[in-house]
Amino acid sequence: MSAPDANILNDAKSWLDEGRKLALATVIETWGSAPQPTGSQLVIDEEGNFIGSVSGGCVEGAVVTEAIDVIGAGTGKVLEFGVADETAWEVGLACGGRIRIYVEPLGH
Amino acid sequence: MKRELFDQVLDAKAERRPVAVITHLATGAQRLVARDAAHDDDLSDVLDTAFRFDKSQVVAQDGEEYFVDIHNPPLKMVMIGAVHIAQALIPMAKATGYDVTIVDPRGAFATEARFPDVGLIAEWPDEVLNDVGLDARTAVVALTHDPKIDDPALQMALNSEVFYIGALGSKRTHASRLERLREHRFSDETLARIKGPIGLNIGAKGQAEIAVAIMAQVIEHLRLGGEAS
């Protein structure tokens, strides 16, 4: 991905240096009119603070919840959001697109 | 991502070295691949085009899914001319992810006061552009209208692999520019890389709108390879 993400990762480094436990969420696939391109990233700490964006706001809440689980579990997982998905009616993409997101522990 | 790998990614970005992080999605196993070592990787076929088109993607191999995350160096825009249009173009270039460098030998134009927060080089373009680095992640826009300043920069851009070259000026100005450059033995095919009059034709008036037209054309070349215009 291009430059805009560089600052997110630099901020993540600062968070790690402060001793915070983090997860990294990355858009790995998109279909249709997904709002953020593949490679877009969100960094989440164990208290649910986050920087960056994976969907322009549509599914960040759900991703943050999953990310806190990932920080606890210590292993990554793939999430999928979209109108074709059951959960979409709760946390779906208003644009009608579909995205897959990989969430992993960052720095530990 | 383990801390060691993460630090390697950040180092690569800081040093403008292209790298990819490859994640085996089922296990989370990860590896870092430098672009110049990509041909030795199991996914070498995919990596070459992924780097070239800056395209992170999921790849299936032997029934397993891998996410190839491309970390290319930041995009760069080199503006020849510390002029009015540059002032309008800078915030747009920054917002879309470009590191901006201004080159203008005229000290009265190239002042910190007029251009805060960008790389500002008050030298002749042909003396500094090699150091600035004209690579495939770079766009060059010539904005001075002055052949003494623009032409040498355009020649260097034409001899490089920059993905976009644009030059400000009317159709007539551009025609005489091409005439001058032909004398330096550039073929018509090569000269066609220079977009002039610069920018998409949206009837732009004034510096801000012209900057939008330029930025749109740069994005078009980056994302579509400039096929549309």
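Ser44(B) lies in helix H2 of chain B, which covers residues 44-52. The model in which this residue is seen is a predicted one. Ser44(B) is partly exposed, with a relative accessible area of 22%; the class of buried residues is kept for values under 20%, and therefore Ser44(B) is not counted among them. When neighbours within four places in sequence are left aside, Ser44(B) is in contact with Ala38(B) and His39(B). Leu158(B) offers a point of reference elsewhere in the chain: 114 residues separate Ser44(B) and Leu158(B) in sequence, and their C-alpha atoms are 29 Å apart in space.

The domain assignment places these positions in a wider frame. Chain B is given domain 1, residues 3-71, and domain 2, residues 75-224. Taken over C-alpha atoms, the centres of domain 1 and domain 2 of chain B are separated by 32 Å.

Further along chain B comes helix H6, made up of residues 171-182. At 1.5 Å a residue, its twelve residues should span 16 Å, and the end C-alpha atoms are indeed 16 Å apart, so expectation and model agree. Within H6(B), the residues His174(B), Arg177(B), Leu178(B) and Leu181(B) are buried. Seen down the helix axis, the buried residues of H6(B) fall within an arc of 100°, which means that they line one face of the helix. The general geometry of such helices is relevant here. An α-helix has 3.6 residues a turn, so residues three or four places apart point the same way. The cover over the buried residues of H6(B) includes helix H5 (147-158), strand S9 (164-167), helix H7 (188-191) and strand S10 (194-195) of chain B.

The partner, chain A, has three helices and five strands, and these follow the pattern α-β-β-β-α-β-α-β along the sequence. Of the 108 residues in chain A, 49% are buried. Among contacts in chain A with a separation of 6 or more, 54% join residues 24 or more positions apart.

How do the two chains meet? The contact draws 26 residues from chain A and 27 residues from chain B. About 1,900 Å² of area is buried between chain A and chain B, and carbon and sulfur atoms give 58% of that area. Two salt bridges are found across the interface of chain A and chain B. Arg100(A) and Glu65(B) form a salt bridge through their side chains, with a distance of 2.8 Å from N to O.

Note on methods:
Residues numbered from 1 in each chain as written. Chains lettered and ligands numbered in written order. Predicted model: local features only at pLDDT ≥ 70, side-chain atom pairs only at ≥ 80, totals over all residues. Heavy atoms only, no water. Domains from an automatic or database assignment. Helix = DSSP H or I, 4+ residues; strand = E, 2+ residues; numbered from the N terminus. Expected span 1.5 Å × (residues − 1). Buried < 20%, exposed > 50% of the residue type's maximum accessible area, 1.4 Å probe, protein only. Arc of directions from axis to C-beta. Contact = heavy atoms within 4.5 Å. Buried area = accessible area lost by both parts, 1.4 Å probe. Salt bridge = Lys/Arg side-chain N within 4 Å of Asp/Glu carboxyl O.
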